[in-house]
Amino acid sequence: MLPIFPAPGRFLFTPVLALILMVSGSGRAEEIGHVDTVWKMIGPDHKIKIEAFDDEKVSGVTCHVSRAVTGGIKGAIGVAEDTSDASLSCRQVGPVSFTGELKYGEEVFKERRSMIFKSLQVVRFCDETRNTLVYLVYSDEVIEGSPKNSISSVPLTVWEGGEPPPRCNDGAD
């Protein structure tokens with residue numbers, strides 16, 4: 001007769017690995033809201049989420065990203081692969097200062113889009129001529145990424161009678 005449950009520890013690796021992968025990620029985004037796009041009878045609906053995050057090395061800049069989230073049974077248990085669709089908007093929300101060295105194409109946000117292979121990333125660039133920070137959102141996979149992307153530019157300006165903003169290359173390597 002076959003046992004109903006496998007021997008203890010026999011299949012422990014798979015659930016532990018899944019839990020680690022589900023918990024890992026940036027965790028730095030704050031959910032602002034969402035809208036349902038497709039009703040699912042079983043499991044959560046497909047939706048578009050809006051999240052906010054601050055650039056940790058550039059105080060005074062906040063970004064908002066909207067992204068599709070897959071629902072259903074796979075979405076409920078964390079094994080669904082979300083689409084590569086995302087939109088990005090970054091704005092100066094206060095006086096700008098650099099709290100660390102800015103690196104060309106530096107990752108400022110990352111979130112997993114599937115169990116293992118796919119992630120959504122936001123990276124930062126500096127347009128020195130225009131003293132503007134440029135943020136790019138895109139999705140990549142271990143084998144092949146997606147050409148879907150969005151950018152947002154943040155011109156560094158004086159904030160309400162404050163001091164002149166730093167040049168975006170002041171914190172660059």
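Guide: Let's start with some vocabulary: a residue is buried under 20% relative accessible area, exposed over 50%, and partly exposed in between (1.4 Å probe, protein chains only). The model here is predicted, so local features need pLDDT of at least 70 and side-chain atom pairs 80 or more, while totals for chains, interfaces and linings use all residues. Numbering runs from 1 along each chain as its sequence is written, and side-chain values use heavy atoms, without hydrogens or water.

Visitor: What pattern does the protein chain follow along the sequence?

Guide: The chain has two helices and eight strands, taken from DSSP runs numbered from the N terminus (helices: H or I, at least four residues; strands: E, at least two). Put them in sequence order and you get α-β-β-β-α-β-β-β-β-β.

Visitor: How much of the protein chain counts as buried?

Guide: The chain has 173 residues. The share of them that counts as buried is 34%.

Visitor: Is lysine 148 buried, exposed or partly exposed?

Guide: Find lysine 148 in the loop between strand S7 (132-141) and strand S8 (149-155). Its relative accessible area is 43%. That value lies between the two cut-offs, so lysine 148 is partly exposed.

Visitor: Which residues does lysine 148 touch, not counting those up to four places away in sequence?

Guide: A contact means heavy atoms within 4.5 Å. Some stretches far along the chain do come together in space: the C-alpha atoms of lysine 148 and serine 87 are 61 residues apart along the chain but separated by 9.5 Å. As for what lysine 148 touches, the list is Ser84, Asp85, Val137, Tyr138 and Ser139.

Visitor: Is the pair of phenylalanine 53 and phenylalanine 109 stacked or edge-to-face?

Guide: Rings of Phe, Tyr and Trp (its six-membered ring) pair if their centres lie within 6.5 Å, with planes under 30 degrees apart stacked, over 60 edge-to-face and the rest tilted. Phenylalanine 53 and phenylalanine 109 have centres 4.5 Å apart and planes at 10°, so the pair is stacked.

Visitor: Where do those two residues, phenylalanine 53 and phenylalanine 109, sit?

Guide: Phenylalanine 53 is buried at 2% relative accessible area, and phenylalanine 109 is buried at 0%. They are 56 residues apart, so to speak at distant parts of the chain: phenylalanine 53 in strand S2 and phenylalanine 109 in strand S5.

Visitor: What kind of pair do tyrosine 104 and phenylalanine 125 make?

Guide: Tyrosine 104 is exposed at 69%, while phenylalanine 125 is partly exposed at 25%. Their ring centres are 5.0 Å apart with planes at 75°, so the pair is edge-to-face.
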